[in-house]
Structure formats: C-alpha cells, structure tokens
Amino acid sequence: MRSLWLCWALWALPLTGPGAAMTEEQILGSLLQQLRLSEVPVLDEGEAESVVTPAHVRAQYVALLQRSHGTQSRGKRFSQNFREVAGRFLASEASTHLLVFGMEQRLPPNSELVQAVLRLFQEPVPEAALRRHELLAPRSDRARVTVRWLHVRDDGSNRTSLIDSRLVSVHESGWKAFDVTEAVNFWQQLRRPRQPLLLQVSVQREHLGPLASSAHRLVRFASQGPAGAGQGQPQLELHTLDLRDFGAQGNCDPEAPVTEGARCCRREMYIDLQGMKWAERWVLEPPGFLAYECVGTCQQPPEPLRSKWPFLGPRQCVASETTSLPMIVSIREGGRTRAQVVSLPNMRVQKCSCASDGAPVPRKLEP
C-alpha cells in the first residue's frame, strides 16, 4: 500500500446564499405547498378564537417535535488528502470479478470522505487477438465495464448497488478510473465490525442482441491471474477532508461578533411567527422557533488543485444537517374551522459545514 498526503495552501471565501437564515417568504411558501393551498386562508377573529386543539392533534404535534431532533438531511464536503489502498481479486470469472479492499483504519480520524476512485490497469490486447477480432467484428471495439457494490447481509443474503459504468476500447491500455464514492459511503454506514469493501466489476458487451460484438472478451485487468500477480493491482484512492482545518467550528460564540474572515459556524436566529401578519390567526403553534443560520468563511484550495475537480464549485459555509418544523394551523373545511398538524421540511439548521457546490448528497443505505 502506498500513502500520499497533499498539503494545500488556503484562503477564505465569504459566505453566500446556502447558509443564510430562513426567510418569511420561504416559510410561507413551504406551508402553502404542504397544505396544497394557493394563498393564505382568510380567517376572521371569531373563527380563530373558536378553534380548539384536540388532545390527539397536540399529541401528534409533540411527537413530531421529538422526532424532528433525530431526522437529519446531510450534505458533503471537499477534499484535502488522499490515500491509496491496494486491493485484490478474490474471485474471477470470464466477465465478472470481485475485488476486496481492507478498509479499517484507512480513513483518517476526524475526516470526511469526499471522493473514492477505483483504478484498474487494463492490459494491452495481443496483436494476434486484436487482428482476429477486427476481421470478425470490424465495427465494434468497445466493451462496458460496470462497478457494483456488494453487500453481504447478516442473514447471508447478497445485494448489489450500481456505482459506476463506462465504455472502454480494446485498443487502449493503462489505468482506468471509476468513481466509487457511493460504495465507500455505503460501507461507512455498515454496523461494526464492518466487512471489507467488496466491489463487483463486470465486463460486458457494449450492446445486447445476437449480433453484438465479443470485444468484451479481450478486456482484461492486471492481477486477474498468476501472470499479473503483484503488477498493476487494483488501487482505491480515498480523498478526505481534514475537519480540523477545513471544517466548521460548531456553534458561534454568542459573545463575539462574526467578522469578515471568521470561521464558518452556526449562529442563533429566532424567527417570530407571531410578528408575521399572515400567520397571526392561521398558525396556532409554535409562536416562534430557533432556526439558526450558517455564517463565516471556508478555506479554499489553490487554483492548481481546484482545476483537478472541475465539477465542484467554491467551498461555502452551508447548512449540512437540517430538521423539520411541526406546526399546528387552522384549516377551514366543510364550513367549519379545525386544527391540523403539518410538518415543514428543512426549516431548522442542525449543523453547518464547509461544502462545495455541485458535490452530490450521499444516499442512505437501505436495510
């Protein structure tokens, strides 16, 4: 195994929109959307005062309040370092290969994975085999390489998740890169002790059908057999972010103002619903709530390294974890006004982080 650490020069970028506090228009828009209304209902003072909140409605509201503390929506961050982890082919068939990577202690502590890259060395095709193929199938010289994550469940059953897929030419050779970030994210969600990271690599025909080319039979990766043992073995690059330098600092110091260049943090922001005219007779609970906002700056990599990640934008101080906000509102139905519970998603900031625009949000591992 080889390990390579990149040290980056840094500078700061001011916060823009993604971490800003929730606005009155956003709250109103979310509430109208959840209730499928086009405008705020008009309730006179008598109607508003006559609404009684039944015990079961209040119990539902309290249950949603408690649940919202455990419901989080997560984001992603950028990369500071990367390590290479050597893998091996555990099993190999004509067109499907199983790679095994020992992952424990490969990810640095107090860090977060940003990208994982699988590198496979495609061996050159012998000239004789290439000429024979060109005679039989002159119009097709490509094969599809697909990478899946293999999860062995506790009950012994298997499931696979599609991670990456691309076409390769039989005329090419050398290292081929596949983005397997999602596979490592899935692996991190497994219960400890975790199994090794298992990646299933399939080499298939470019097209289906009886006239499809057999070019996939010529695509071979190093270390699949005794002849390639120890040469060009599969590599897994793990790009991580050191949160001590690149992460947010948690909650802002309430005694210190957030000045220009201050590090990203979460600041208290109380939203007074009673002070909003449209909510005066419509929203029964809560009278207001702590929404928080993300303020401050994030450190950036220098231009030479940023050019290696063109799909990621500048790192910004953003809300990486949010929770919903339950409400009790008055609803007019069938000539009567009653109380109803509604839950507005992503209303309260739980955690602020430094993230790059364009970075995908990882999927949750299904049971």
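**Note on the cores and the β18 pairings**

1. In this predicted model, the largest nonpolar core comprises 34 residues, of which L118, V180, L197 and L199 touch the most other members. The elements that contribute two or more residues to this core are the strands β5 (96-101), β6 (111-122), β7 (142-152), β8 (158-169), β10 (197-205) and β11 (235-242), together with the helices α4 (127-136) and α5 (181-188).

2. The surroundings of L118 merit separate mention. Leaving aside residues up to four places away in sequence, L118 touches L99, F101, V147, K176, A177, F178, V180, L199, V201, Q235 and L236. Two of these partners, V180 and L199, are themselves listed with L118 among the core residues that touch the most other members.

3. A second core, separate from the one above, holds 22 residues, including L28, L325, V329 and V342.

4. Strand β18 spans residues 315-333 and is mostly covered, with 16 of its 19 residues buried. On one side of the description stands its pairing with β19 (residues 336-356), which is antiparallel and runs over 17 bridges. Within this pairing, M327 stands opposite V342 of β19; V342 is also one of the residues of the second core.

5. The connection between β18 and β19 is a hairpin with two residues between the strands. In that turn, G334 adopts a positive phi of about 60°.

6. Strand β18 also pairs with β14 (residues 283-285), again in the antiparallel sense, over two bridges. Here E285 has I328 of β18 as its bridge partner.

Methods:
Residues are numbered from 1 along each chain as its sequence is written. This is a predicted model: local features need pLDDT of at least 70, side-chain atom pairs count only at pLDDT 80 or more; totals for chains, interfaces and linings use all residues. Side-chain values use heavy atoms; hydrogens and water are left out. Buried means under 20% relative accessible area, exposed over 50%, partly exposed in between (1.4 Å probe, protein chains only). Helices (H or I, at least four residues) and strands (E, at least two) are DSSP runs, numbered from the N terminus. Two strands pair if DSSP finds at least two bridges between them. A nonpolar core is a set of buried Ala, Val, Leu, Ile, Met, Phe, Trp, Tyr and Cys residues joined through side-chain atoms within 4.5 Å. Contact means heavy atoms within 4.5 Å.
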